[in-house]
There are 4 protein chains.
Amino acid sequence: MPTNPGSPEVFEQRDPNYRARVEASFARQKAMGTLKIALVRVEPGEVELAFPYQDELTQQHGFIHAGVLATALDTACGYAAFSLMSPEAAVLSIEFKINLLAPAQGDRFRVVGRVVKPGRTITVCQAEAFAQSGDKSKLVASMTGTMMAVVDRDGITH
Amino acid sequence: MPTNPGSPEVFEQRDPNYRARVEASFARQKAMGTLKIALVRVEPGEVELAFPYQDELTQQHGFIHAGVLATALDTACGYAAFSLMSPEAAVLSIEFKINLLAPAQGDRFRVVGRVVKPGRTITVCQAEAFAQSGDKSKLVASMTGTMMAVVDRDGITH
Amino acid sequence: MPTNPGSPEVFEQRDPNYRARVEASFARQKAMGTLKIALVRVEPGEVELAFPYQDELTQQHGFIHAGVLATALDTACGYAAFSLMSPEAAVLSIEFKINLLAPAQGDRFRVVGRVVKPGRTITVCQAEAFAQSGDKSKLVASMTGTMMAVVDRDGITH
Amino acid sequence: MPTNPGSPEVFEQRDPNYRARVEASFARQKAMGTLKIALVRVEPGEVELAFPYQDELTQQHGFIHAGVLATALDTACGYAAFSLMSPEAAVLSIEFKINLLAPAQGDRFRVVGRVVKPGRTITVCQAEAFAQSGDKSKLVASMTGTMMAVVDRDGITH
């Protein structure tokens, strides 16, 4: 059941086929396969991703690189927004901001993105990344991102 | 010659060995090797990185994923800050914000990070990413990041 | 009862006198009196402010200026962080980011700031501003802010 | 002569009447009069504001409140963007992020906003605030903001 911070409404999708549309677009993101980031769950206005700890994605102290967290958080924001868009729209990130709250150490990472405010052109999302070790889960990063619906722009298809 | 937006000063490094220190830390970032991001230039308060277009790092429209740009920009910010820190300090990103200004299309990407305001604990940096095709260069993303000097924290070494 | 997005823990204050300390510092912020922003509620890690619509604080379309919202949101973040700090610390804002979600129209504005991640030096907060008209409340802006505890710095007292 | 960080181009205005249009809109921002923020200079894609130190706009340590700086920086960003828009557009801030770089102490404050990337719908700007005392000037805050051109929306006129 999606919850949205400060905004308890459950969003209505404009496209009953939203889940297949998100899955198809996610599958075209080659960066997701390269970084082993998987799409776990899609609801109207909420998307969950997961990826395992990978030594080859670390920064100098052996934590997952902040940019890798940003990649997953941005993707979660983008598809949370995309799930509420009309079928002919493509989604682009305009900007995002991430706070790194704790070292990204753990066996596995779970990332949840949610729409805070949907709009015809601009959708604002928040996302959180949790490091999981055994049955423990710790918030390691949070993001606010601004996503734009784009229709009929050269080279950008939904 | 480093230039800093709004702050024309040339920074003095506290550690004459700053370049070797940056290079050694960068070499420990396994994510850099995985994403083929290279360290091109290190000056006091300024670092330049570069990476080629890679199909396996794209988002759904074939552009380089915003998170990959963020990874390079964050790293450029981090090492620009680290170049001015004292030898016993480690550097961590507290937060960063990226604006995506144009589709990340090109043969090669150049990323320049600069210190805007150095500090004992907190250093603020800006970074820009340029897409290069032939002899053309286009600004595709900009970042502002806040970096922290950390001394004597468990599991975090310089 | 304070709730924190993505982090359901209730924070423990380090200083049993936190409420009086927040109130005394708030009273020294002359900008609060000038903008008629009142301190409504203080809990450990959570602060609520309120202010009426004021024609003299509007932007060109008659909405409350985004910067005025930012002033209240930043103050709510700062005192949410300050409520968890030790008695000898002062609080400074390092940075904040605000998203304007809807036009700031209404009779009265309520602003709630919460600690997301407390720390010895760095505390990350989120805050939300709601426009209220009659019995309706609408989320109009959200902020993420990074606050720093400062001890023994010239000219900065708790 | 306007300069834009990372983007040395001089922008062309779409509306030869841009200066009068900015001045008229600025004059409708009642918050500017209340906070004594003056419009000093308007160029295509660049706007300069100024305001004196005012005791009634301070935070708890006697510095100008970060939210007041944000108000001026956001306005400078908005009108830098607006100066390049077509005559029928209104401008709204979508989001902004500010870094506080030094205590806002001084006799007078100068704020310069510049367009980094203009666009039909979205324009990205940067702005800087300088504290001035005698003939000294110090960078105290920087902002990145995302501005939107709005046409034909209820209640929002250019």
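Begin by selecting strands 5 and 6 of chain C, which form a hairpin with two residues between them, and centre on Gly134(C) in the turn, where phi is positive at about 60°. Helices (H or I, at least four residues) and strands (E, at least two) are DSSP runs numbered from the N terminus, and two strands pair if DSSP finds at least two bridges between them. This is a predicted model, in which local features need pLDDT of at least 70 and side-chain atom pairs count only at pLDDT 80 or more, while totals for chains, interfaces and linings use all residues. Residues are numbered from 1 along each chain as its sequence is written, and chains are lettered from A in the order in which they are written.

Staying in chain C, follow the 12 bridges that join strand 5 (residues 122–133) to strand 6 in the antiparallel sense, with Ala129(C) opposite Ala141(C). Then add strand 3 (residues 90–100) of chain C, which pairs antiparallel with strand 6 (residues 136–150) over 10 bridges; here Leu92(C) has Met148(C) as its bridge partner.

Next, show chains A and B, where 12 strands form an open antiparallel sheet in the order 1(A)-2(A)-4(A)-5(A)-6(A)-3(A)-3(B)-6(B)-5(B)-4(B)-2(B)-1(B). Its edge strands are strand 1 (38–43) of chain A and strand 1 (38–43) of chain B, each pairing on one side only. At the chain B edge, five bridges join strand 1 to strand 2 (residues 46–52), running antiparallel, and Val42(B) stands opposite Val47(B).

Finally, select helix 3 (residues 66–82) of chain A, which lies across several strands, including strand 2 (46–52) of chain A and strand 3 (90–100) of chain B.

Notes
Contact = placed C-beta atoms within 7 Å. Axes fitted to C-alpha atoms, helices over the stretch in contact; angles between N-to-C directions.
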